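Okay, thanks for coming, everybody. Let me put the structure up, and then I'll talk you through a few of its contacts.

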Amino acid sequence: MSMSNLDFSQPQRQSYIAIITILGKTIWSVTRQILPAVAVIFIGGAKNKTDQIIYFVIGAALLTCVYSIINFFKTYYYIDEDELILETGIIGRKRISIPFTKIQTIDSEQSLIHRLFGVTKVKVDTAGGDKTEFELAAIDLDIAQGLRDLLIHKKEESTIAIQNDNSENQERAQTGLAEQKEIMHIDTGELWRIGITSNHLRSSWLIIAFGAWIFNMLDDMGLDFQESYEDVDSSIFNFNSIMMLTMIIVIISIMISLVGAVVRHYDLRFFRTSRGFKMVAGLLTKKEVSAQDHKIQYIEWSQNLLQRSIGISEMTLHQASSDALKSKQKIMIPGMNRDQIDLVTSTLFDRKDIEKLPQKSIDYSYFTRFSTIIVVLSIVLSSIAYFFISYKSIVFISLFGIWMIITRFVRFRKSGYGYDDDHIWIKGGFIDGKYALLPTYKIQAIKLLQSPFQRRNSLCNINFVTAAGQIGVAYIPYTEGKYMLDRYIYEVELNSKTWM
Amino acid sequence: MYHPNPQVQVEDLPSIDQINFTGIDPRYKKVSIITVSIILGILAALYVGAGWIVERMLFEMPILGLVIAGFALVGLPWVYLVIKDFENTGYAIRENDLVYKEGVIFKSTIVVPFNRVQHCEVSQGPISRMMGLSSLTVYTAGGSSSDVSIDGLDKDIAAKLKNFVSGKISVDEYE
């Protein structure tokens, strides 16, 4: 590693390629904002006063661009003793400094332009409460690698200085930084299988949402759909055309899933690093994300019917984040087989075969109570509909009710939970089976909830709050909930293991 | 490294069943009722204003009657819930954690161990300040779902509790 000939103590600018990417980003965001307005002007064909508006918009966009270019020349980063520092800003200078000990993850991302010029975007994330974040739009690849190694090295040094008595840490630091073991590599065949088995319902929603958006756009532009509807003979809305439409949506959904899988997971590599996990993937934009062991609060994996038939799952590592449930702190790894999941769980939690852990089922009233409410509600709504709207809507209400009851039943059948000294596991899901595994010392707080019905029947819901969001089980016996609360609160209070 | 680790039966652990919760200060009931009255009052004022300036119809009988009925339908249960909520809210400080319960229809109990608390603060709303009350908020890394805010504490008690919790946090950090 050419760490020696890189000097980070002197303030330096990002690569000049950064100008391109920053400009690109600026232009893109400006375009997105004004696109509807421009479209209205051009398509609407209203010529009065539009010239001034266009000049104004172009002027504003140019100013923004000039600003970002000057800002580029005014942005420096460097390392000062044990802090990473970024100075930026034209009029109001801003100085962000991050002590090495606070650095949590160093992620990189390469878009097509980055890769063309051999540069990369680097993002430094910090822990917990403070919102300091560090992003370099583009720096040379070898500089990035050097910086990354240096930061990890320095971080470990300072961590060791603090936890001098912890021999395990020292050992790990000595084994070197570059050491990483590949857990998984997704090749083209694998990618194909991941695409085919992914959740197509999500893609369908995307299509429908996109359709609605286009429709809305055109509507905004002043195209009148009402008229064109009336011209169309209503007979085309027959069974065949609906089937056709459904078919088209299904085919496009599958294609979108496939393309999405290729774009997101192309050439995916999943590594075990000295203290965490790392994933590199992407076709157009190559992303590198990492999660350190101590930052992972709980893991989750899911498997839909298609995925089960070929034995793969999606695994998500949930990391602690400052604003709970920020999606960027989740790392999702697709196409994991059982052995690979075992590998992750055994390195992370010293456990294997977690799907075979004993499961307790939740109370049956999770289903019956809900169904009763739905039936009563449907009857009430139906009678209102019968008197005030039309009898046809009763069919829709009943179908919707039946659908709700069926989904609830499936959810009931799939729900389960269990626990032992070290972990709590929770099972759930509807179309897919979901599993979550939570080490008990990661718990931040425990919540018991009871509705009046649950109070009458000695049931409760329990929620385990972690630094990566909360997970819970519904409709378990109150004695169970109380038992888990007492036991794990006691454990958390006694355990000196830090959650991060 | 040896550390004594005798077995503990879970049945012997301190249980949330055996907790004597401390209720919140009776003055807080007034604060809640005043708050609700102010909100309803503002709504009523807006309505009257609208009737005056925009549409005289709003003061005529069928509409006015419906609106008054609506106000009563929302306001009375609201006041009832606020009073009930006051009665059901309680907190307890144990050696190692804070327990807080609340809720009228849907009841919840949350336990936050002190060694997971990031920081805590005391705050006062304008009405609470007039009554000499404070709120104590305890923040954890779990975000808003596990932050506990105890409203309606006497301001001296709130300050004392804050000192106690802060002390607990710093002790944990030096261990």
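I'll start with how the chains touch, then move on to some helix packing.

One thing up front: this is a predicted model.

So, the contact between chain A and chain B. Each side is easy to remember: chain A puts in 28 residues, and chain B puts in 28 residues. Where do the residues on the chain A side come from? Strand 17, which is 445-450, strand 18, which is 459-466, and helix 15, which is 478-494, each give at least two. Helix 15 of chain A is the one that gives the most, with nine residues. If you sort that side of chain A by class, you get 14 nonpolar residues, eight polar and six charged.

Stay with strand 17 of chain A for a second. Across the contact, this strand is joined by five bridges to strand 4 of chain B, residues 107-113, and the two run antiparallel. If you want a pair to click on, take L448(A): its bridge partner in strand 4 of chain B is T109(B).

Okay, now helices, beginning inside chain B. Have a look at helix 1, residues 27-53, and helix 2, residues 61-88: their axes come within 9 Å and cross at roughly 165° in chain B. Angles over 145 degrees count as roughly antiparallel, so that's what we call helix 1 and helix 2 of chain B. The crossing of these two chain B helices is right-handed.

Who's in that contact? On helix 1 of chain B you'll find, among others, I33(B), V36(B) and L40(B), and on helix 2 of chain B the list includes F71(B), W78(B) and F86(B). By class, this helix 1 and helix 2 contact in chain B has 12 nonpolar residues, two polar and one charged.

Last stop, over in chain A. Helix 6, residues 188-197, packs against helix 9, residues 239-265, with the axes 8 Å apart and an angle of about 135° in chain A. So helix 6 and helix 9 of chain A are oblique to each other. Their crossing in chain A is right-handed.

The residues here are L191(A), I194(A), G195(A) and I196(A) from helix 6 of chain A, meeting S257(A), L258(A), A261(A), V262(A) and H265(A) from helix 9 of chain A. And the classes for this helix 6 and helix 9 contact in chain A? Six nonpolar, three polar and no charged residues.

That's my tour, so over to you for comments.

Technical notes:
Residues are numbered from 1 along each chain as its sequence is written. Chains are lettered from A and ligands numbered from 1 in the order in which they are written. This is a predicted model: local features need pLDDT of at least 70, side-chain atom pairs count only at pLDDT 80 or more; totals for chains, interfaces and linings use all residues. Two residues are in contact if their C-beta atoms, placed from the backbone, lie within 7 Å. Helices (H or I, at least four residues) and strands (E, at least two) are DSSP runs, numbered from the N terminus. Ala, Val, Leu, Ile, Met, Phe, Trp, Tyr, Cys and Pro count as nonpolar, Asp, Glu, Lys and Arg as charged, and the others, Gly among them, as polar. Two strands pair if DSSP finds at least two bridges between them. Axes are lines fitted to C-alpha atoms, for helices over the stretch in contact, and angles run from 0 to 180 degrees between N-to-C directions. Angles under 35 degrees count as roughly parallel, over 145 as roughly antiparallel, 65 to 115 as roughly perpendicular and the rest as oblique. A crossing is left-handed if the near helix is turned anticlockwise from the far one by less than a right angle, and right-handed if clockwise.
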